[in-house]
Amino acid sequence: MKYVHEFRDKEIALGVAKAIGTEVDLARPYRFMEFCGGHTHTISRYGLEDMLPNNVRMVHGPGCPVCVLPAGRIDMAIHLAMRPEVILCGYGDLMRVPGSQGASLLKAKARGADVRMVYSTIDAIRIAEENPAREVVFFAIGFETTTPPTAIMIRLAEKKKLSNFSVFCNHVLTPPAMQNILKSCGIRNIGHVEIDGFIGPAHVSVIIGTTPYEFVAEEFGKPIVITGFEPLDMMQAILMLVRQVNEHRHEVENQYRRAVIRDGNLRAKEEVSNVFELRDRFEWRGLGPVPYSGLRLKPAYTKYDAELRFDMGELCVADNPACKCAAILRGIRKPVDCELFGKICTPVTPMGSCMVSSEGACAAHWTYGRFRDHQQRPAS
Amino acid sequence: MRGHQAKLDISNGCIDLSHGSGGRAMAQLISGLFHEAFGNEWLARGNDQSAFDVGGGRMVMTTDGYVVSPLFFPGGNIGTLAVHGTVNDIAMAGARPLYLSAGFIIEEGFRLSHLKMIAECMGEAARSAGVHIITGDTKVVERGKADGLFISTAGVGVVPVGLDLSAENARVGDRVLISGTLGDHGIAIMSKRQNLAFETDIISDSAALHDLVAKMVEAGGHGIRLMRDPTRGGLAATLNEIARQSDLGFRLQEEAIPVKPDVAAACELLGLDPLHVANEGKLVAIVSPEVANAVLAAMRAHPLGCDAAEIGEAIADDHHFVQMATSFGGGRIVDWLSGEQLPRIC
């Protein structure tokens, strides 16, 4: 695969790993949070932790859109899907996400709900056109990456004068969540967040550019390196973060120049701002309510808002009190520190947000990395 | 009353409930379509069962159900899959497959032309595998009660005296061999699913593996500990299953695992791991280190094993982990798939 294999080159990776090993100050820790679930997946999938010195630790952040969706929002979607007139369409990773009491869209489907997995928002429009007598609802989730397709879909529905189509909007924003992680140090008696730098989002940054992170870097004095999802991208970004820390810099650097420019994708941003506006606050599973972190439809498009159309009402469901996701998402605890991990909480029966999709910190550790819990890490 | 019945209208006709009612229509379907396609002396006798002789050795028996959607896919259809899948389950014991049964559960309205095509392909697949479909059953269910056509099979075969392939035979240091590229079948099927059609030249690897197995047994004898065909759940599920049953772990080398570039590309796009994707014409063999090279050479000399590779070894591990050194230089677990394989959005 041209343009993929080049970014998985073992020899180059070993060279970068060597440079990291040479340049780290062994007297101090380096704790870097990768915000994006995609990066968490890459770390686990390629075993990057084995290639880093012992004092460089990756903290898996909350950037998996499926994981941070509160159980209450899943319950709302399930209630909606159980209505006989509704066809609920959504992306594949939503299907197994647990709501309260182990409910999920997959289980609702088995009980008769018409839930359909789609790959593209266009598929949802097609389903609405093919089923004029049914109400087709698109379960919209995701960060800034998946928001533009939803915006375009809504404008397409308007153009096609579809009257049986609406959107259950759960789109969230990255920069407010990063701020929340840094601001909420110690607030919940879960300990202090100690993060020395961020691996900045890849696909999200293609849309929003690098400027939204400048405030975070400046305000909190943390270096941020925006990077791609390939393993070599990440190794290089870690080296760039090590250098910033060593040189006491806290800048936004862009390793992902082949895809990200400073201003982002202007056309996509315009589509989004035409259709969406900020919610005052939005609940994140694991983080709690985060101000101005979620999107809803603008007044001109409220006829496509499923929450209003079906009078859905907000449902709140508390997570298992023993669940340590809030601390794990902030890097204060590791998955193995949670007493539920691997016992009652596994990818088959996830209890908390971090176990929900393969991009969650706990699921990634369980699926790819748990053998390390049973072996000594070789000294590097 | 005369036994007159209009000839089966293969090109335009459909299955209706009378084809499963036990009456003339059913008899006509069986003789006019299935016997024609499977043609052999056992079926010709028209009994409710078939008697057959078996030579020396132990008998093996297996059963399987086929519910694949879509029914026709690049490289095969539900009929060829039913023959190959059943033959392979028998072959994994090191056995020579002999006879199959085939039960058809057909949805009302199913096109006779499709049924004929499937039956003919099935007959052809059986003939080329040297097995006979010697008994069968036909049921028709109302529209909406089945997804077009389901096929259930049973198969019997004979294992040569002294050969006993089983997971408990595996030992630390045994080598893991794979007969070819992974994920072809699963990706070929996915490329034709209604909500996910994408253009690709990938075809299913569906094939009967008993001849390859015979050549491997010839080369490796008792050094072959066990064989499995990594179907649903892919290589990951098969090796985790063997690890648990043999009380061992495995360590794989990702670089050694053969995956076709277009399958790898499709997996990238869909967010899937080729190690979790189904195969229908591949086998995994756990063999002693002494015979590994000889068995591998025998595999590579066979048309169904030309891409065969040694991909890892059995290790002592109380946790039964399947570990893998990634091609990037790190390490990870190759775990069972949790639930159905669902694509990621980002």
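**Entry 1: chain A against chain B**

I looked up the contact between the two chains and found that 39 residues of chain A and 25 residues of chain B take part in it. I note that the model is predicted.

I then asked which elements of chain B give two or more residues to the side that touches chain A. I found helix H8 (261-270) and strand E13 (331-333) of chain B. H8(B) makes the largest share of this side, with four residues.

I sorted the residues of the side of chain B that touches chain A by character and recorded eleven nonpolar, ten polar and four charged.

**Entry 2: domains of chain B**

I turned to the domain assignment of chain B, which gives domain 1 as 17-159 and domain 2 as 167-333. For the separation of domain 1 and domain 2 of chain B, I noted 28 Å between their C-alpha centres.

**Entry 3: domain 1 against domain 2 in chain B**

How many residues of domain 1 of chain B are in contact with domain 2 of chain B? I recorded 19 residues of domain 1, in contact with 19 residues of domain 2.

On the side of domain 1 of chain B that touches domain 2 of chain B, I found that helix H3 (78-91) and strand E4 (96-107) of chain B each supply at least two residues. H3(B) gives the most to this side, namely eight residues.

I closed the entry with the character of the residues on the side of domain 1 of chain B that touches domain 2 of chain B: eleven are nonpolar, seven are polar and one is charged.

Technical notes. Residues are numbered from 1 along each chain as its sequence is written. Chains are lettered from A and ligands numbered from 1 in the order in which they are written. This is a predicted model: local features need pLDDT of at least 70, side-chain atom pairs count only at pLDDT 80 or more; totals for chains, interfaces and linings use all residues. Two residues are in contact if their C-beta atoms, placed from the backbone, lie within 7 Å. Ala, Val, Leu, Ile, Met, Phe, Trp, Tyr, Cys and Pro count as nonpolar, Asp, Glu, Lys and Arg as charged, and the others, Gly among them, as polar. Domain bounds come from an automatic or database domain assignment.
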